[in-house]
Amino acid sequence: MSASVACIAFENNRIFIAKRQNVGDMGGYWEFPGGKIDPGEDAATAIKREMMEEFSVEAVPVKKLASASFIHKENTCTVDAYYVKLAHDGLEIPYKLTEHTEYRWVRPEEILDFQFVDSDLKLYPAVMTAIQENKLK
């Protein structure tokens, strides 16, 4: 079973999403950034590593929000969503993209307007609940 993390950055009533490069099964889809937890890593270490590798931004995990399971290529996978704080918003100083073609800060309800990866859509209801209950601060 593989385990991965999804980073939920939320500022000024906007949530951070990124569009994957046009390669692989989910190429061209939007997602909550993150990635696989490597052997010997905990979730916090994976979050910090993934955000630095993919965006050149420091991330601090604040709290776990949700978990989801899914099947990918006949393997059971889990993804845990964590509320994270980013060192900056990537607007004045753009993020350096290595795995994505673009990123945006969108209103949470706009996520359903994007072609989003299925695994992250499983996390979406819990993320919305956390936002509505004012748990992201």
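The largest pocket of this predicted model holds about 790 Å³ of space. Its lining is made up of 30 residues, and those nearest the centre of the pocket are Arg20, Met26, Glu31, Gly35 and Lys36. Sorted by class, the lining contains eleven nonpolar, nine polar and ten charged residues. Several elements contribute to it: strands S1 (2-11), S4 (34-36), S5 (59-72) and S6 (75-86), together with helices H1 (43-55) and H2 (118-132), each supply at least two residues of the lining. A good way to explore the model is to begin at this pocket and then visit some of these elements in turn.

It helps to have the whole protein in view before doing so. The protein is built from two helices and seven strands, and along the sequence these follow the pattern β-β-β-β-α-β-β-β-α. The radius of gyration is 14 Å, close to the 14 Å that the globule rule gives for 137 residues, so the protein is as compact as a globular protein of that length. Taken along the principal axes, the C-alpha atoms fill a box of roughly 40 × 30 × 30 Å. Of the 137 residues, 45% are buried.

Strand S1 offers an example of a buried residue. Cys7 has its place in this strand. Its relative accessibility is 1%, and the cut-off for a buried residue is under 20%, so Cys7 counts as buried. Cys7 can also be compared in position with Leu65: the two are 58 residues apart in sequence, while their C-alpha atoms are 9.9 Å apart in space.

The loop that comes between S1 and strand S2 (14-20) gives another picture. Asn12 lies in this loop, and Asn13 is found there too. With a relative accessible area of 69%, Asn12 is exposed; Asn13, with a relative accessible area of 56%, is exposed as well. The cut-off for this label is over 50%, which is why both residues receive it. The backbone here also deserves a look. Most residues other than glycine have a negative phi. Asn12, however, has a positive phi near 50°, and the phi of Asn13 is positive too, near 60°. As for its place in the fold, Asn12 is separated from Thr101 by 89 residues in sequence and by 23 Å in space, C-alpha to C-alpha.

Helix H1 is the next stop. Its 13 residues should span 18 Å at 1.5 Å a residue, and the C-alpha atoms at its ends are 18 Å apart, so the expected and computed values agree. The buried residues of this helix are Ala43, Ala46, Ile47, Arg49, Glu50, Met51, Glu54 and Phe55. Charged residues are among them, and Glu54 in helix H1 serves as an example: because its relative accessibility is 8%, Glu54 counts as buried. Between Glu54 and Gly34, which are 20 residues apart along the chain, the C-alpha separation is 8.4 Å. Just after the end of H1, Ser56 takes a positive phi of about 55°.

Helix H2 can be read in a similar way. For its 15 residues, a rise of 1.5 Å a residue gives an expected span of 21 Å; the end C-alpha atoms are 22 Å apart, which agrees. The helix bends by about 35° at Tyr124, and a proline, Pro125, follows within four residues. Tyr124 is also one of the buried residues of H2, a list that further includes Ser119, Asp120, Leu123, Val127, Met128, Ala130 and Ile131.

Leu123 is a residue of H2 for which the burial label is easy to follow: its relative accessibility is 0%, so Leu123 counts as buried. Leu123 and Asp89 are 34 residues apart along the chain, and 22 Å separates their C-alpha atoms. Just after H2, Asn134 takes a positive phi of about 60°.

Definitions and conventions. Residues are numbered from 1 along each chain as its sequence is written. This is a predicted model: local features need pLDDT of at least 70, side-chain atom pairs count only at pLDDT 80 or more; totals for chains, interfaces and linings use all residues. Side-chain values use heavy atoms; hydrogens and water are left out. On a 1 Å grid over the protein atoms alone, a cavity is a set of points where a 1.4 Å probe fits but cannot get out, and a pocket is an open set with protein on both sides within 12 Å along at least five of seven lines; lining residues have an atom within 4 Å of a point. Grid points are joined across faces, edges and corners, and a volume is the space filled by probe spheres set on the points. Ala, Val, Leu, Ile, Met, Phe, Trp, Tyr, Cys and Pro count as nonpolar, Asp, Glu, Lys and Arg as charged, and the others, Gly among them, as polar. The expected span of a helix is 1.5 Å times one less than its number of residues. The bend at a residue is the angle between axes fitted to the seven residues ending there and the seven starting there. Buried means under 20% relative accessible area, exposed over 50%, partly exposed in between (1.4 Å probe, protein chains only). The radius of gyration is taken over C-alpha atoms; the globule rule is 2.2 Å times the number of residues to the power 0.38.
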